[in-house]
Amino acid sequence: MDTPSGLSSRMSKVIASVLPKIATTVGERSSKGPAKIDLATAENWLARRELIDIYKQAIAQDLDPQTLSYPQGFGGDPELLSALASFFNTYFRPAVPVEESHIAVAAGASSCLDQLLYTICDAGDSVLVPAPYWNGFDFHLTLRTAVDIVPVSCDSLSHTVSSSLLSALDAVYNAALKPIRIKALIFTNPHNPFGQCYPETCIRDVLRWCGHRRIHFVGDEVYGISEFRRGSPDDRFVSALNLLSAETQRGIKNRVDSNSLDGEADVVSGYVESRNGTSDTHREIGLHRPNGDVQEGNGIDISLVHTIWSLSKDLGCSGLRMVSLWDPFSDSTYSPQATLISQNNNSLLTGVRLLSTPLLSSPSMLMAKAMFSSEKLHAIVKLTRVRLARAYQIVEAQLKRWEIEMVEPRAGVFVWARLLKPSQHERFTIATKGALKDDVSGGRDMQ
């Protein structure tokens, strides 16, 4: 059906839904007047001077005619992949060491999420997101995929980044009219906007919860190396990739030759799958599950665990549009602009790569390769953490002086604070409840 503007009905609905939410921000950023301090965008500028030195040198020494061509290979530069794999092995401590062939890429974390959901979801499917969450999910996750975001709210804000999430997930899942259409959980760790890290036991339980229900676990770990405060072990950042150790290794060793079991049934993680074809569960998901990917005894299905990381936040390079996808058991090589790490699901990786490859930038990869290969990288990461800690101390001291309540962060570049006066407490409480139930997109009224 034609629309008055000549747009598709699909895009007309998207614009009508999204534009009112972002119109003010778009107008401010389009203004030619004096620059304003933007508190709505999480950017890390603390090491940009050091990074610029690396990038200038890379352009001066390595920029050549080939850089103006399409990226090499189906996804990117092998040298960059090697440097990126080393980076992940150093800072995310994955149980299965990252190799070049384990990585797929996209042009930024938001684009990566869009392509991942397009690969695993159909229009009208649902995606669970613990609330409150980054308000960009409201449109970045739905612009093209037409999925429904289902907020998952704990009984109080103080329980959000805790094992209480499990009961909240159960409540939402059991209340769903069609639980089979819940295809993914977006799990942001460190949390945005609280800046806190989920306990290891909670992450492990959520991984099991997703595995038992055949739901994709999508770990958004874009602030994974922006941890600037260390407390007890339960407070520290742990990547989901770090929790697949002994069970993962056992799963690999216990793989069997499917040809020797033709016609037999494989009973794994509470469901039966025929070795002769794809189970009904997989037809609904739309992807074939490789044999042996469920870790026996713990319910974690490694084919459903995917982790995203980007240059935008931890290393302050949001303009480079760099993210990658890692699959430790893939046979193909790809290069990163934002990093999506998956395990034993080559069909999913192929889908994301088909969508992302035309968007990759050779100049961006040139600069990223220089950074990941630089002997200064470790010093820059440490420097960023020190400067984040100092910046937080300044903000914390000022908020306390003004008697403003806040959630004490341990990672990231933001602080969740109640900026209303004490006399407005009742109004704040009502806004909080409304935000968590109806507009959980990060609690804009509360920051």
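Which residues have the most contacts inside the largest nonpolar core? In this predicted model, the answer is Phe87, Phe92, Trp309, Leu315, Met371 and Phe372, within a core of 33 residues. The elements that contribute two or more residues to this core are α2 (48–62), α3, β1, α12 (362–373) and α13 (377–401). Helix α3 is the top contributor, giving 8 residues. Leucine 315 shows how the packing is put together: leaving out residues up to four places away in sequence, it touches Leu51, Trp309, Met371, Phe372, Leu377 and Val381. Apart from this core lies another one, of 31 residues, with Val206, Trp209, Val305 and Trp416 among them. As a rule, nonpolar side chains in soluble globular proteins tend to be buried together.

As for the overall picture, the protein chain has 14 helices and 12 strands. Of its 447 residues, 51% count as buried. Among contacts with a separation of 6 or more, 72% come from residues 24 or more positions apart. The accessible surface of the chain comes to about 21,200 Å², and carbon and sulfur atoms account for 53% of it.

Aromatic rings come next. The count comes to 18 aromatic pairs. One of them joins phenylalanine 87 and phenylalanine 88 in an edge-to-face arrangement, with 5.6 Å centre to centre and 75° between the planes. Both partners are buried: phenylalanine 87 has a relative accessible area of 2%, and phenylalanine 88 has 0%. Phenylalanine 92 and tryptophan 309 also form an edge-to-face pair, this one at 6.3 Å centre to centre, again with 75° between the planes. Phenylalanine 92 sits in the loop between α3 (78–91) and β1 (103–106), while tryptophan 309 belongs to strand β8 (residues 305–310), so the pair ties together parts that are 217 residues apart in sequence. Here too the partners are buried, phenylalanine 92 with a relative accessible area of 2% and tryptophan 309 at 1% relative accessibility. Ring pairs link these residues further, giving a cluster made up of Phe87, Phe88, Tyr91, Phe92, Phe237, Trp309 and Phe372.

Two arginines lie over aromatic faces. Arginine 48 is placed over the face of tryptophan 45, 4.1 Å from the ring centre. Arginine 144 does likewise with tyrosine 118, at 4.7 Å from the ring centre.

Helix α7 (residues 200–213) is worth a look of its own. Its 14 residues, at 1.5 Å a residue, should span 20 Å, and the end C-alpha atoms are indeed 20 Å apart, which agrees. The buried residues of α7 are Cys202, Ile203, Arg204, Val206, Leu207, Trp209, Cys210 and Gly211. These buried residues pack against β2 (126–130), α6 (164–175), β4 (182–188), β5 (216–220) and β8. Two of them, Val206 and Trp209, are also found in the core of 31 residues.

What comes right after α7? Arginine 214 does, with a positive phi near 60°, although it is not a glycine. Arginine 214 is found in the loop between α7 and β5 and is buried, with a relative accessible area of 8%. Glutamate 403 is another non-glycine residue with a positive phi of about 60°. Glutamate 403 is in the loop between α13 and β11 (406–407). Is glutamate 403 buried or exposed? With a relative accessible area of 69%, glutamate 403 is exposed, since the cut-off for that class is over 50%.

The backbone also has cis peptide bonds. The bond from alanine 131 to proline 132 is cis, with omega near 0°, and proline 132 lies in the loop between β2 and α5 (137–140). The bond from asparagine 189 to proline 190 is cis as well, with omega near -5°; proline 190 lies in the loop between β4 and α7.

Finally, glutamine 72 lies in the loop between α2 and α3. At 44% relative accessibility, glutamine 72 counts as partly exposed. Glutamine 72 and serine 362 are 290 residues apart in sequence, yet 8.4 Å apart in space, C-alpha to C-alpha. Setting aside neighbours within four places in sequence, glutamine 72 is in contact with Gln66 and Asp77.

Key: Residues are numbered from 1 along each chain as its sequence is written. This is a predicted model: local features need pLDDT of at least 70, side-chain atom pairs count only at pLDDT 80 or more; totals for chains, interfaces and linings use all residues. Side-chain values use heavy atoms; hydrogens and water are left out. Rings of Phe, Tyr and Trp (its six-membered ring) pair if their centres lie within 6.5 Å; planes under 30 degrees apart count as stacked, over 60 as edge-to-face and the rest as tilted. Buried means under 20% relative accessible area, exposed over 50%, partly exposed in between (1.4 Å probe, protein chains only). Helices (H or I, at least four residues) and strands (E, at least two) are DSSP runs, numbered from the N terminus. A charge sits over a ring if NZ of Lys or CZ of Arg is within 6 Å of the ring centre and within 35 degrees of the ring normal. A nonpolar core is a set of buried Ala, Val, Leu, Ile, Met, Phe, Trp, Tyr and Cys residues joined through side-chain atoms within 4.5 Å. Contact means heavy atoms within 4.5 Å. The expected span of a helix is 1.5 Å times one less than its number of residues. Accessible areas come from the Shrake-Rupley method with a 1.4 Å probe; for residues, only the protein chains shown count as cover.
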